[in-house]
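Open the model in your viewer and keep the sequence panel beside it. The tour below moves from one selection to the next and says what is there.

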Amino acid sequence: MSYLSRISIKSKLLIMLLGVSLTSVLIIGFLSLRTAERALEESIRSQLTSIRSIKSDQIITYFDGISNFTASLGNNIGVVNDVADFTFAYQEGAEQSLTEEEHQVLTEYYLDEYLPLLAENMAETPLPVLYRPRTPAASYFQYHYIANNPYPFDQKSEMITAEGDVTTYKRIHEANHAGYRALRDKFGFDDLYLIDIDSGVIVYSISKAPDFGTSLYTGPYRNSGLGQLAAQIRNNPEQGVLQAVDYRPYPPALNAPTGFFAMPLYRDNEAIGILAVQVPLGPIDDVMTSGGNWEEVGLGSTGEAYLCLLYT
């Protein structure tokens with residue numbers, strides 16, 4: 001006789017009821033867990049969507065601020081006069097020549113300072129011949145405002161007066177540099193350029209990076225984002241129209257991803273220059289990462305889920 005046949009009907013009923021009860025508990029528990037999971041997923045998705053919207057608005061506001069600032073400066077008669085003054089004074093540099101010792105100082109700047117820093121962010125070793133200034137004027141001004149500048153690479157803008165500069169450029173630079181530097185510090189862009197529209201020469205920049213004094217049409221950085229943007233404006237200098245180029249590696253910024261806004265500068269209905277503003281990636285990174293405080297805004301330890309949601 002089997003074991004089950006010896007169990008009373010009452011016991012069998014109890015076992016059946018217990019089995020049904022356990023099954024019901026398991027089913028209800030599973031359904032409750034799935035409901036809770038879905039509610040949590042929906043809550044997280046709603047939170048991430050909200051954060052995405054906030055981040056998007058912050059980035060749009062940042063770009064709107066920089067573009068509006070650039071457009072405002074581009075219509076400022078003072079800036080228009082400055083590009084004319086700097087261009088005229090820059091041309092005096094073509095009449096100057098560097099001594100052998102000064103040429104050596106400029107060479108050492110490229111070999112010992114700029115190119116080693118640039119090489120850290122490149123797959124191949126940069127060749128000096130590809131980056132050196134190619135005209136006497138560019139060499140003259142790079143020597144006085146960059147190579148002979150006592151400040152380190154990322155602080156060249158601290159120097160207002162180049163004592164050895166014998167051209168009128170020195171006086172114009174002294175009169176304007178501090179004001180442009182204050183604008184940079186206030187509005188948070190990396191650099192500002194005044195460019196002669198005919199030659200493409202950067203006749204003024206705040207940061208005094210190695211693009212200063214070079215031609216964006218024929219010089220070392222003609223194929224860069226800024227070079228292409230300048231050429232685009234030269235070919236179609238529509239008055240009052242602001243143009244931009246997306247982020248890409250820019251050698252004078254040590255190959256950091258860099259974007260630019262630019263527009264033509266007009267005087268008496270004639271385009272005489274280009275105003276360009278270098279837009280850093282840092283503020284965008286700060287917005288995207290909440291300043292690196294992923295966990296404080298509920299995005300875990302890396303924020304990876306948020307980035308996937310943002311870009312898909």
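**Stop 1: the S3–S4 hairpin**

Select strand S3 (residues 243-250) together with S4: the two pair in the antiparallel sense over six bridges. The model is a predicted one. S4 itself covers residues 256-267.

Pick Arg-248 and look across to S4, where Thr-258 is its bridge partner. Then pick Pro-249, which stands opposite Pro-257 in S4.

Now move to the turn. S3 and S4 make a hairpin with five residues between them, and Leu-254 in that turn has a positive phi of about 60°. Select Asn-255 as well, which is placed in the loop between S3 and S4. Phi of Asn-255 is near 70°, a positive value in a residue other than glycine. Most residues other than glycine have a negative phi.

**Stop 2: S4 and its other neighbour**

Keep S4 selected and add strand S5 (residues 270-279). Nine bridges join S4 to S5, and the two run antiparallel. For one of the pairs, choose Phe-261, whose bridge partner in S5 is Val-277. S4 and S5 also form a hairpin, with two residues between the strands, and Asp-268 there takes a positive phi near 55°.

Is S4 enclosed or open to the outside? Nine of its twelve residues are buried, so S4 is largely enclosed by the rest of the structure.

**Stop 3: the whole sheet**

Extend the selection to all five strands of the sheet. The sheet is open, its order is S2-S1-S5-S4-S3, and the pairing is antiparallel. Which strands are at the edges? They are strand S2 (202-205) and S3, each of which pairs on one side only. From one strand to the next, the twist averages 25°. In a regular strand, the side chains alternate between the two faces of the sheet.

At the S2 end, select strand S1 (residues 191-196) with S2. Three bridges join S1 to S2, and these strands run antiparallel. Ile-195 is a place to look, as it stands opposite Ile-202 in S2.

**Stop 4: helices across the sheet**

Show helix H6 (residues 225-235). H6 lies across S1, S2, S3, S4 and S5, and runs at about 155° to S3. Next show helix H2 (residues 77-91). H2 lies across S1, S2, S4 and S5, running at about 100° to S4.

On the way between these elements, select Lys-208, which lies in the loop between S2 and H6. Phi of Lys-208 is near 55°, again positive in a residue other than glycine. Is Lys-208 buried or exposed? Its relative accessible area is 2%, and buried means under 20%, so Lys-208 is buried.

**Stop 5: H2 against H5**

Leave H2 in view and add helix H5 (residues 169-187). The axes of H2 and H5 come within 10 Å and cross at roughly 145°. H2 passes H5 in a left-handed crossing.

To see which side chains are involved, select these two groups:

- from H2, Val-79, Asp-82, Asp-85, Phe-86, Ala-89 and Tyr-90;
- from H5, which they meet, Tyr-169, Ile-172, His-173, Asn-176 and Tyr-180.

By class, this contact of H2 with H5 has seven nonpolar, two polar and two charged residues.

**Stop 6: Ser-139**

Go to helix H4 (residues 136-147) and select Ser-139, which is found there. Ser-139 has 8% relative accessibility, and buried means under 20%, so it counts as buried. What does Ser-139 touch, leaving aside its neighbours within four places in sequence? The residues in contact with Ser-139 are Leu-98, Leu-106 and Pro-133.

**Stop 7: the whole chain**

Clear the selection and colour the chain by secondary structure. There are eight helices and five strands. Along the sequence they follow the pattern α-α-α-α-α-β-β-α-β-β-β-α-α.

The chain has 312 residues, of which 43% are buried. Among the contacts in the chain with a separation of 6 or more, 59% are between residues 24 or more positions apart. Switch on the surface to finish: the chain exposes about 16,700 Å², and carbon and sulfur atoms supply 55% of that area.

Technical notes
Residues are numbered from 1 along each chain as its sequence is written. This is a predicted model: local features need pLDDT of at least 70, side-chain atom pairs count only at pLDDT 80 or more; totals for chains, interfaces and linings use all residues. Side-chain values use heavy atoms; hydrogens and water are left out. Axes are lines fitted to C-alpha atoms, for helices over the stretch in contact, and angles run from 0 to 180 degrees between N-to-C directions. Helices (H or I, at least four residues) and strands (E, at least two) are DSSP runs, numbered from the N terminus. A crossing is left-handed if the near helix is turned anticlockwise from the far one by less than a right angle, and right-handed if clockwise. Contact means heavy atoms within 4.5 Å. Ala, Val, Leu, Ile, Met, Phe, Trp, Tyr, Cys and Pro count as nonpolar, Asp, Glu, Lys and Arg as charged, and the others, Gly among them, as polar. Buried means under 20% relative accessible area, exposed over 50%, partly exposed in between (1.4 Å probe, protein chains only). Accessible areas come from the Shrake-Rupley method with a 1.4 Å probe; for residues, only the protein chains shown count as cover. Two strands pair if DSSP finds at least two bridges between them.
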